Amino acid sequence: MRRRVTAKQGFTVWAVAVFAFLYLPILVMVIFAFNKPSATSVAAFHGSNICNIPPTQVGNITVWNGFTSCWFSAGLHDPTYIPAIVTSLQIAAAAAIISTVLGLCAALALARMRPRLRAPFDALVYLTLVVPEIVIAVASLIFFVQARNYLHAFPPLGKATILLGQVVFNASVAMLIIRARFVGMGDTLEEAAYDLGSGPMATFRQVTLPRLMPAIVAAALLSFTFSFDDYVVPAFTNGTTNTWPIVLYSAVRFGLTPAINALATIMLTITVLAVIVTAIVLRRSRVRAAPGQDQTGGLDIAVGLR
Amino acid sequence: MAVAEQTGTGTVAAPAARRKRSFRPRYPAWLTAPSLVYYAIFFLGPMAILVAFSLATQRGFGSLSYGFDIAQYRLIGNPLYTTIFARTLVMAGIGSVLTIAVGYPLAYWMARYLTTYKMLALLLVVVPFWTSFLIRTYALKIILDPNGYLAKYAGINILYTKYAVAVGLVYNYLPLFILPTFASLERMDWTLIEAATDLGARPLTAFRQITLRLTLPGVITGALLVFIPMTGEYIIPNILSGGNYEFVGNVIGDQFNQAQNQPFGSALSIALMGALSVFVIVYILFATKEEQFGA
C-alpha cells in the first residue's frame, strides 16, 4: 500500500515538472511583454515613448529591465503587424469554411461506403497528412507558378494561393474528425427518423447535422488554428503578401521588440478563452445529447481523438 | 419457452434481417467528388510537377528544361547531403524517444490517477498545442538566449546548438504525442492490473506485461505522429540553431528561396518522402499485425 502511494507521488512530481516545462516559456513570454528596453538604450533614446525604440536599438530584452505596459499599444499600432494579422484571419476563416465543407461532404459519404471503395480515398487522405509540410509548400509553389504561366485566370501568388495550399491538409484533418464522430454515432437514430416518415433531407437537417455539430465545430476551429498558425506553406506561396506568422518569423530571426510579446499575449488570452468556451459548450452538448462514460467533456473530439 | 425460442430466432435472424433491411441510411458517393477533385488538382498536381522538376535539367539561374535527368538524385549521394539526411533522421528519432520518455509518464498519470481534474489536465496539454508554434519557439529562444538568466546563472548556454534543437522538438511536439497516448491509456481496464497484483505480480511486472502491451499501439501511433513532422521540420532548426544545424527541410527551402535550384530541391523532397515512406510502411505492417491479433 505504501509503495502504491509513493508511485503516485512520483508520477505527480513528474507531471508537475512536465507542465512547468510546457508553461514556463509561455509564462516568460507573457512576463517579458511588460519588459522595458535596456537601461542604456533608454538613456540613448530621445523620444518620449520608450516603446518607439526600434528593434535594432532595444538592447538586451532577455533579462528584466523594469515594468512598462506601452508595448501593447505599440504592437497594436504597428504598421505591419495588424494588417498581417488581419490577412491571416481572413485566410484562416476561408480555410476553415472550405476545409470543413469538403471534409463534411467526404466524411458523410465515406463513413458508410464499402471498405474496398473507400480504401483509395483513405490512402490519398493519409498521404496528404504524411507528406512533410515543406514538401507540400515547395510543390505548391512550383505548381502555382506553372498554373499561372499556362492559365491566365489562375490567381497570382498571394492570399488565394496560400489558401489553396493550406486547404489540402486541413480538409483531411476535418474529414477525419467528422468521420470519426459520424461512425461513432451509429445509424439507429437516422433509421428511426426514416421509419417515422422523415425524408433524407429532413433527417439530415434535424437528426444527423445537430449530432455532428460538435465535431464540425471542432474541425472548423482546428482548421482555423492550423491555418492561422501556419508558416511553412505561406512562406513559399505568399508572393508579396505578409501573414502574421511570416512577420513573426522574420522578427524572431532578425530582431524584435517586446511589442511582439504583447500581441502574442493578447492572442494567447483569446485562445485560452476560446478553448474554455469550447470545452464548456462541448460539455453541455454532451450532457444534452449522449449517455456514456465520457470524462473529458468532448475535448477528445475537439482535438480529433474520436 | 416460447419467449426463449423467439429471442433465439431473433438473434440468429438479426444479421440476415439487417442485410435485407429495405433502407439503410447512406449518403451518395458523389459527395466525395468535391474533395477528390480538390486533391487531384491541388495535391496530386503539385506532386506530379515536383517529380517532373526533380527529373528536369537546370539551365542557368532559375530556368530548366524537362527530361529524364537523374543527375539531381546523384547529387544527393554527396556526403554533404547524406550527412544532413542522417542528421535529420537521427535528430527526429532522438526527439521522438525523448518525447515518449517525457510524455508517457504524464499521460499515464492523467489516465490512472486523475478523476475530477482529468479534463483540466487535458486542457492544459491542449492549450500550448493551440497557441502559435512560432511564438512557442520564440519563447524558448528568450529562455535559452546567451544573455538570458539560464545562461548567466545556470551556465546552460545551448542556443544555436543541436541541444537547443532537441529541446525545441520535444517542447513543440509533446502535446501531439500525449493526446493519442492518453487516449489509449484511457481505454485501459485498470482492474487487469489489480488482478495481476492480486495474483502476486510485482507492480513493475504488471506494468510491463499488461499496461505497456495494451498501450503500445497508441504509443507507436503517437511516436509516428511526432516523428513524421519532425523529419520535415523547418522552423525549429532554423530559429534555434540559427542555421548551424540544418535539417533536410531547410536545405529544400534554400533551393527554392535563395539558390533557385528547383530541380535539386525537388529531388531532395522526393528523397525525403522516400525515406519517410519506409517508416510509414513499417508502421502499417505493425498496425495490421496488431489488428490480426485483436489488440
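Here is a walk through a predicted model with chains A and B, going from confidence to fold, core and interface.

Let's start with how far to trust it. The model scores ipTM 0.87 and pTM 0.87. Chain B has a mean pLDDT of 86, with 89% of its residues at 70 or more. That average hides some spread: among the elements of chain B, helix H2 (residues 33-54) has the highest mean pLDDT, 96, while helix H1 (residues 2-20) has the lowest, 44. The start of chain B is the part to watch, since pLDDT stays under 50 over residues 1-14. The model also gives that stretch zero contacts beyond four places in sequence. Where pLDDT is low, the predicted coordinates should not be read in detail.

Now for the fold of chain A. You'll find 13 helices and zero strands there, so to speak an α run from the N terminus on. Laid along the principal axes, the C-alpha atoms of chain A fill a box of roughly 80 × 75 × 35 Å. Of its 306 residues, 43% count as buried. Look at contacts in chain A with a separation of 6 or more, and 75% of them come from residues 24 or more positions apart.

Chain A is assigned two stretches: domain 1 covers 2-69 and domain 2 covers 81-302. Their C-alpha centres lie 32 Å apart. Where they meet, 12 residues of domain 1 of chain A are in contact with 10 residues of domain 2 of chain A. The domain 1 side of that meeting place has 10 nonpolar residues, two polar and no charged.

Next, the inside. The largest nonpolar core holds 156 residues, and those touching the most other members are Ala107(A), Ala137(A), Val138(A), Ile177(A), Ile178(A), Ala219(A) and Ala107(B). Helix H4 (residues 81-111) of chain A gives this core its largest share, 16 residues. Both domain 1 (2-69) and domain 2 (81-302) of chain A contribute residues, so the core lies between them. Zoom in on Ala107(A): leaving out residues up to four places away in sequence, it touches Met175(A), Ile178(A), Arg179(A) and Phe182(A).

Two of those core residues, Ala137(A) and Val138(A), are also among the buried residues of H6(A). Others on that buried list include Glu133(A), Ser140(A), Phe143(A), Phe144(A) and Ala147(A). How does the length of this helix check out? The 18 residues of helix H6 (residues 133-150) of chain A should span 26 Å at 1.5 Å a residue, and the end C-alpha atoms are 26 Å apart, which agrees.

Then there is the meeting of the two chains. Here 74 residues of chain B are in contact with 73 residues of chain A. On the chain B side, H2(B) gives the most, with 12 residues. That side divides into 55 nonpolar residues, 14 polar and five charged. H2(B) is also the element of chain B with the highest mean pLDDT.

One last stop is a backbone detail in chain B. Tyr160(B) has a positive phi of about 70°, although it is not a glycine. You'll find Tyr160(B) in the loop between helix H7 (149-153) and helix H8 (162-186) of chain B. Is Tyr160(B) buried or exposed? Tyr160(B) falls in between: with 19 other C-beta atoms within 10 Å, it counts as partly exposed, because a residue needs 20 or more to be buried.

Key. Residues numbered from 1 in each chain as written. Chains lettered and ligands numbered in written order. Predicted model: local features only at pLDDT ≥ 70, side-chain atom pairs only at ≥ 80, totals over all residues. Helix = DSSP H or I, 4+ residues; strand = E, 2+ residues; numbered from the N terminus. Expected span 1.5 Å × (residues − 1). Buried ≥ 20, exposed ≤ 12 C-beta atoms within 10 Å, placed from the backbone. Domains from an automatic or database assignment. Contact = placed C-beta atoms within 7 Å. Nonpolar A, V, L, I, M, F, W, Y, C, P; charged D, E, K, R; others polar. pLDDT = per-residue confidence, 0-100. Core = buried A, V, L, I, M, F, W, Y, C linked by C-beta atoms within 7 Å.
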